[in-house]
Amino acid sequence: MDMETDQQIYQVDVGNLLAFNPNHQFPSAPSSREELVNECITEGTKLVQAVADVLFNFPSTETSDGPIVQLPPPTTRLPREKHLPRPKPPTKWEEFALKKGIQKRKKDKIVYDEQTDKFKRRHGYDRVNDDNDVPIIEAKASDEPGEDPFAKRIEEKKKKVGKQEKNRLQNLRVAAKAGALPSHIQLAATSLPISGVKAQPKKLGKEALGDVAGLAATSTASGGKFDKKLPGEKPPKKQGKHHKYLPVLPSYRKDQNKCIPVDEEKEQTNKVLSKIFSKHSHEILNVGKAINMVNEKKEKKKSGRSSDKLKPKKDITKKKPATTKA
């Protein structure tokens, strides 16, 4: 099949490296999955060949990695699983910065601190100009007598953080109205701080409260064994089973005034293996029963009988009712 015939049958979109046959039909319905797979592989090979025929006719430039071809823009619009992300509305600060012509510039993360004569982080723990590194605060004429300047600085910082949180929630409310909330906040959109509407509290019944109390009572490492019981407290309905794990670190035992490390997990495994491979292993494992089970399975396979596990067993001890002739 030549290239012109391929182009007439297949529709090729080189921008997406895509080819498809809109009029493809199976000559006959596939009788098996293997026949269907072979037909798909044959048709896929033809589609790849059609893309390659068109691709190798484009002008290319030789580089050290090989020939490079500039693909044309795609012509087929591929469907999206989800809608395009909606534009996020600007915050108050972004509106103010745009109005005043303030441009965002990148700041260095490490800044020189003159108080400690060291380079420190701009934000976070052990940052520059940290309040804990200021031993003396110079008094101002506007300061009130008897006022603690350190306590005043802490109070101002709390007000500043509260104002920032208020502005953040306000920006989220605006984004929620526009339908552009971030994905990690969408689950909390029905709560009070974002939407402004308080959800109705769910009433817990007596059984639900009992289950919660039982979970809280057994949530400790000992499963509530050593916790003090409240007056009138009932034991939990479902007592959890705690798996007993062997210690990770080796334990020690004394042998002739010497401490010898002992690996309990290794010893336990060796005991099981020694029992299985010992001379008296036939006493542990019922070899005769295992042989009988294997032979029964072989006989059932040969005769073609189904398993009798689902059939109800007859009660041999039950006597049949006596019948009398009239």
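Visitor: In which sense do strand β5 and strand β6 pair, and over how many bridges?

Guide: Keep in mind that this is a predicted model. In it, β5 (residues 110–113) and β6 (residues 118–121) run antiparallel, paired over 4 bridges. To get your bearings, find I110 and look across to β6, where R121 stands opposite.

Visitor: How many residues sit between β5 and β6 in the hairpin, and which residue in the turn has a positive phi?

Guide: There are 4 residues between the two strands of this hairpin, and D117 is the one to look at, with a positive phi of about 60°.

Visitor: Now for charges. What can side chains of opposite charge do when their charged atoms come close?

Guide: They can pair. Here you'll find 3 salt bridges in the structure.

Visitor: Which residues are linked in a network of salt bridges?

Guide: D113, K120 and D126. Start from K120: its bridge to D113 has the closest N and O atoms 3.9 Å apart. On the other side, K120 and D126 bring their closest N and O atoms to 3.2 Å.

Visitor: Is K120 buried or exposed?

Guide: Buried residues have under 20% relative accessible area, so K120, with 9%, counts as buried. D113 is buried too, at 0% relative accessibility. D126 reads as partly exposed, because its relative accessibility is 36%.

Visitor: And R168, which residue does that one form a salt bridge with?

Guide: R168 goes with E165, and their closest N and O atoms are 2.8 Å apart. The two sit 3 residues apart in helix α4 (residues 149–178), so about one helical turn separates them. R168 is partly exposed with a relative accessible area of 40%, and E165 is partly exposed as well, with 35%.

Visitor: Speaking of helices, what should the 23 residues of helix α2 span?

Guide: Count 1.5 Å a residue, and α2 (residues 33–55) should span 33 Å. The C-alpha atoms at its ends are 33 Å apart, so the expected span and the model agree.

Visitor: Which residues of α2 are buried?

Guide: Look for E43, L47, A50, V51 and V54.

Visitor: Let's try the surface. Which residues form a nonpolar patch there?

Guide: V272, L273, I276 and F277 do, and together they have about 410 Å² of accessible area. F277 is in the loop between α7 (264–276) and α8 (281–284). Exposed means over 50% relative accessible area, so F277, at 68%, counts as exposed.

Visitor: Zooming out, how many helices and strands does the protein chain have?

Guide: The tally is 9 helices and 8 strands.

Visitor: What share of the 326 residues is buried?

Guide: Buried residues come to 10% of the chain. As for the area the protein chain exposes, that is about 31100 Å², with 56% of it supplied by carbon and sulfur atoms.

Visitor: One last thing: among contacts between residues at least 6 apart in sequence, what percentage join residues at least 24 apart?

Guide: In this protein chain, 30% of those contacts do. If you want one spot to revisit, try the hairpin of β5 and β6, then trace the salt-bridge network of D113, K120 and D126.

Note on methods:
Residues are numbered from 1 along each chain as its sequence is written. This is a predicted model: local features need pLDDT of at least 70, side-chain atom pairs count only at pLDDT 80 or more; totals for chains, interfaces and linings use all residues. Side-chain values use heavy atoms; hydrogens and water are left out. Two strands pair if DSSP finds at least two bridges between them. Buried means under 20% relative accessible area, exposed over 50%, partly exposed in between (1.4 Å probe, protein chains only). Contact means heavy atoms within 4.5 Å. Accessible areas come from the Shrake-Rupley method with a 1.4 Å probe; for residues, only the protein chains shown count as cover. The expected span of a helix is 1.5 Å times one less than its number of residues. A salt bridge is a side-chain nitrogen of Lys or Arg within 4 Å of a carboxyl oxygen of Asp or Glu. Patches are made of residues with over 30% relative accessible area and no salt bridge: like charges are joined within 9 Å, nonpolar side chains (Val, Leu, Ile, Met, Phe, Trp, Tyr) within 5 Å.
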